[in-house]
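Okay everyone, thanks for coming. Have a look at the structure on the screen, and then I'll talk you through it.

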Amino acid sequence: MATDHLDPESLAFDDLPPFPNDVPTAPLLRISLKKLIDQDTDEQQRLWRACCDLGFFYLDLRAGSENGDGELNGDGLLADAEAMFTLGKQVLELPEVEKVQYDYHDAGEQGSYFGYRRLGQKLIDGGDGKRDGSEFWNSSKDDLLGVTDPLPAPAVLQKEGNRALVRRYVQRSHAVVTLLLGVLSDQLGLPAHTLQNLHRLRTTSCDIVRWVRAPWQPMDENKISLGQHTDFGSVSVLFNRLGGLQVLPPGEGAEWSYVRPLQGHCICNLGDAMVKFSAGILRSNLHRVVNPPGKQEGLTRMSLVYFARPEDEVLLRALEGSEMIDARRGQQDGGADEEEVVTAKDWIYRRSIGRRVGVNHAKSMGTDQEGLKQSSKVISVAK
Ligand SMILES: O=C(O)CCC(=O)C(=O)O
Ligand SMILES: [Fe+2]
């Protein structure tokens, strides 16, 4: 069942045209933040399965809070995400001439990964000439928390009230990620806090908040809202309200399937760093964004993502100290060990630049090579 014992219509966004019932949807598990906070072992197992099998799951944020006014606050995060959608619209609806002043065009240079990315800049599908129909704004966690100097930004993002909102959103998202990492670290049999210690809030990393805006566009095979990819980092926490996100489940003959947006939930997915840390036990799944389906046709789509990534200097390789990871490495044919080991920062820059126009695409590929090969067969299904 797609969304385990759920009447999806009860969690529809009432102010939007409905997500259709007649399109294929992906079988994401719904995990409860509250149960994870309560250390419910069944829920920890479900999270573990979701991360090994698909690498994508819903996280029900409702009523998921630690006592007191700590940063682990599901309802608070939901409220912040609402306000963040409003702020993101203000940023991405600024005149193009203003936004391009913050374009991180030469993404290889220090700091320039953050800021604005214009529509149609990224190559997709192995560099065969297609371009994306999404624009982004990326804000740096370290800038927001004062760990590094502030980067240039439009006035609306410099207002202290707005910066405070984005900062709190970062802290609350990061707290959720830390909880998830703790469960995965324990399930992998790593020494206590191993994964959490590679993702400390106040240590420099490429963590970002991203707003994505995709105006509806007539589809043909040369256009897509956001090309197929795996995420570069560790855990992505995603809020979207209109449909359009699709995943390609693993296995022969699988088809691109929509992820139905649910009120009160975020969508979480693992990125490539988790695959490398776990020697492939955890999954970073291929996904993409197409136009909103059915009655949502014609609408401009916005989404909001917190990308948690390993600290800049962390090496992306299988972690020591887990029998489960050692056993998995033992089963591999040596290919993984011969791979060049890079820091998280270098990996993220390489992958980010590599998908841009005019750059060797091969170096930007993620970990889901099987999915990438498979997807070339089925890409036409959901045009
Ligand atoms: O907009 C979405 O739903 C997904 C965005 C995404 O996959 C990304 O920005 O990496
Ligand atoms: Fe993504």
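So, by the rule used here, there are five cavities of 30 Å³ or more. A cavity is a set of points on a 1 Å grid over the protein atoms alone where a 1.4 Å probe fits but cannot get out, and its volume is the space filled by probe spheres set on those points, joined across faces, edges and corners.

Just so you know, this is a predicted model: local features need pLDDT of at least 70, side-chain atom pairs need 80 or more, and totals for chains, interfaces and linings use all residues. Residues count from 1 along each chain as written, chains are lettered from A and ligands numbered from 1 in written order, and side-chain values use heavy atoms, without hydrogens or water.

The largest cavity holds about 280 Å³ of space. What lines it? There are 24 residues (each with an atom within 4 Å of a point), and Arg210, Leu226, His229, His287 and Phe307 lie nearest the centre.

Two of those names come back at the iron ion, ligand 2: its protein donors are His229 (NE2), Asp231 (OD) and His287 (NE2), at 2.1 to 2.2 Å. Donors here are N, O and S atoms within 2.8 Å of the metal (3.2 Å for Na, K and Ca); water isn't among the atoms, so sites may look incomplete. Along the chain, the spacing reads H-x1-D-x55-H.

Buried or exposed, what about Asp231? At 5% relative accessibility, Asp231 counts as buried, and so does His287 at 6%. Buried means under 20% relative accessible area, exposed over 50%, partly exposed in between (1.4 Å probe, protein chains only).

Note on methods:
On a 1 Å grid over the protein atoms alone, a cavity is a set of points where a 1.4 Å probe fits but cannot get out, and a pocket is an open set with protein on both sides within 12 Å along at least five of seven lines; lining residues have an atom within 4 Å of a point.
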